Amino acid sequence: MTTLTVQWESREATQRFGKRMGESLQPGDVVALIGDLGTGKTTLTQGIAQGLGIQQQVTSPTFTLVQEYEGRIPLFHCDPYRLESAEDLLGFGFEEYFERGAAVVVEWADRVLAALPEDILVLQITFAASAETPLDSGSLPRTCRITSYGTRSEALLRALKEGDTT
């Protein structure tokens with residue numbers, strides 16, 4: 001288990017980081033995004049999609065549960081916000097997505113961690129509030145703590161560390 005902490009000062013910085021991540025993703029990689037509403041989970045996923053060469057507009061699949069996108073490798077973007085538990089996700093047959101040679105990004109992953117593979121990259125995104133910055137600011141910086149759990153996610157985290165320009 002290795003950890004990296006980065007800070008994004010803007011939406012654009014979040015997308016740039018996501019793009020770098022997308023350029024490094026391989027089939028079977030699983031990225032778990034954890035954070036409150038508005039912390040940038042979908043923005044990060046949009047950057048990941050750019051890094052995978054996906055041309056479609058990426059939106060949060062809150063009502064469809066999973067969106068599938070074609071790029072250098074497929075991207076499966078999951079949003080289990082409306083589910084009650086990991087069992088609900090497994091009952092949907094979600095584990096089959098991990099066997100289809102795609103990168104999988106799961107927003108609100110804290111709700112379904114038990115249903116996700118062991119080798120996973122977890123990104124905990126929080127607002128980096130300060131006394132001078134109002135919490136209602138749309139441009140509030142974010143802090144992201146990235147933790148790898150497994151061999152492949154460790155390699156992905158190393159690649160992100162080597163290219164860290166944030």
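**View 1. Surroundings of Ile146 in the predicted model.** In this predicted model, Ile146 is in contact, once its neighbours within four places in sequence are left aside, with Thr2, Thr3, Leu4, Val6, Phe17, Leu121, Val122, Leu123 and Leu157. Ile146 is also one of the residues that touch the most other members of the largest nonpolar core, a set of 28 residues in which Met21, Leu25 and Leu123 share that distinction. The elements that give two or more residues to this core are strand 1, helix 1, strand 2, helix 2, strand 5, strand 6, strand 7 and helix 4. A second core, separate from this one, has 21 residues, among them Ala32, Phe98, Ala102 and Val104. In soluble globular proteins, nonpolar side chains tend to be buried together.

**View 2. Strand 7 between its two antiparallel partners.** Strand 1 and strand 7 pair in the antiparallel sense over 7 bridges, and strand 6 and strand 7 pair in the antiparallel sense over 8 bridges. Thr143 of strand 7 is a useful residue to find in this view, since Gln7 stands opposite Thr143 and Thr126 also stands opposite Thr143.

**View 3. Strand 2, covered on both faces.** Strand 2, which runs through residues 30-35, is mostly covered, with 6 of its 6 residues buried. Val30, Ala32 and Ile34 lie on one side, Val31, Leu33 and Gly35 lie on the other, and all of these residues are buried. Strand 2 pairs with strand 5 in the parallel sense over 3 bridges, and within this pairing Val31 stands opposite Val105. Strand 2 also pairs with strand 6 in the parallel sense, over 5 bridges, and here Gly35 stands opposite Ile125.

**View 4. Helix 1 and the elements that cover it.** Helix 1 comprises the 14 residues 11-24 and reaches 20 Å from its first C-alpha to its last, close to the 20 Å expected at 1.5 Å a residue. Its buried residues are Ala13, Thr14, Gln15, Phe17, Gly18, Arg20, Met21 and Gly22. What covers these buried residues includes strand 1 (2-8), strand 2, helix 2 (41-51), strand 6, strand 7 (142-149) and helix 4.

**View 5. Helix 2 and the glycine that follows.** Helix 2 is mostly covered, with 9 of its 11 residues buried, namely Lys41, Thr43, Leu44, Thr45, Gln46, Gly47, Ile48, Ala49 and Gly51. The cover over these buried residues includes strand 1, helix 1, strand 2, strand 4, strand 5 and strand 6. Helix 2 is followed by Gly53, whose phi is positive, near 80°.

**View 6. The aromatic pair of Trp8 and Phe17.** The structure holds 3 aromatic pairs. In the pair shown here, the ring centres of Trp8 and Phe17 are 5.4 Å apart and their planes are at 50°, so the pair is tilted, given that the tilted class lies between the stacked limit of 30 degrees and the edge-to-face limit of 60. Trp8 has a relative accessible area of 0% and is therefore buried, and Phe17, at 1% relative accessibility, counts as buried as well.

**View 7. Tyr81, Trp108 and the charge of Lys41.** Tyr81 and Trp108 form a tilted aromatic pair, with 4.7 Å from centre to centre and 55° between the planes. This pair links distant parts of the chain, 27 residues apart, because Tyr81 lies in the loop between strand 4 (75-78) and helix 3 (86-91), whereas Trp108 lies in the loop between strand 5 (103-106) and strand 6 (120-127). The two partners fall into separate accessibility classes: Tyr81 is partly exposed, with a relative accessible area of 34%, while Trp108 is buried, with a relative accessible area of 13%. Lys41 lies over the face of Trp108, at 4.1 Å from the ring centre, and Lys41 is itself among the buried residues of helix 2.

**View 8. Arg158 of helix 4 and Leu4.** Arg158 is found in helix 4, which covers residues 151-162, and is partly exposed, with a relative accessible area of 43%. Arg158 and Leu4 are 154 residues apart in sequence and 9.2 Å apart in space, from C-alpha to C-alpha. Leu4 is also one of the residues in contact with Ile146, and helix 4, which holds Arg158, is among the elements that give two or more residues to the largest nonpolar core.

Key:
Residues are numbered from 1 along each chain as its sequence is written. This is a predicted model: local features need pLDDT of at least 70, side-chain atom pairs count only at pLDDT 80 or more; totals for chains, interfaces and linings use all residues. Side-chain values use heavy atoms; hydrogens and water are left out. Rings of Phe, Tyr and Trp (its six-membered ring) pair if their centres lie within 6.5 Å; planes under 30 degrees apart count as stacked, over 60 as edge-to-face and the rest as tilted. Buried means under 20% relative accessible area, exposed over 50%, partly exposed in between (1.4 Å probe, protein chains only). Helices (H or I, at least four residues) and strands (E, at least two) are DSSP runs, numbered from the N terminus. A charge sits over a ring if NZ of Lys or CZ of Arg is within 6 Å of the ring centre and within 35 degrees of the ring normal. Two strands pair if DSSP finds at least two bridges between them. The expected span of a helix is 1.5 Å times one less than its number of residues. Contact means heavy atoms within 4.5 Å. A nonpolar core is a set of buried Ala, Val, Leu, Ile, Met, Phe, Trp, Tyr and Cys residues joined through side-chain atoms within 4.5 Å.
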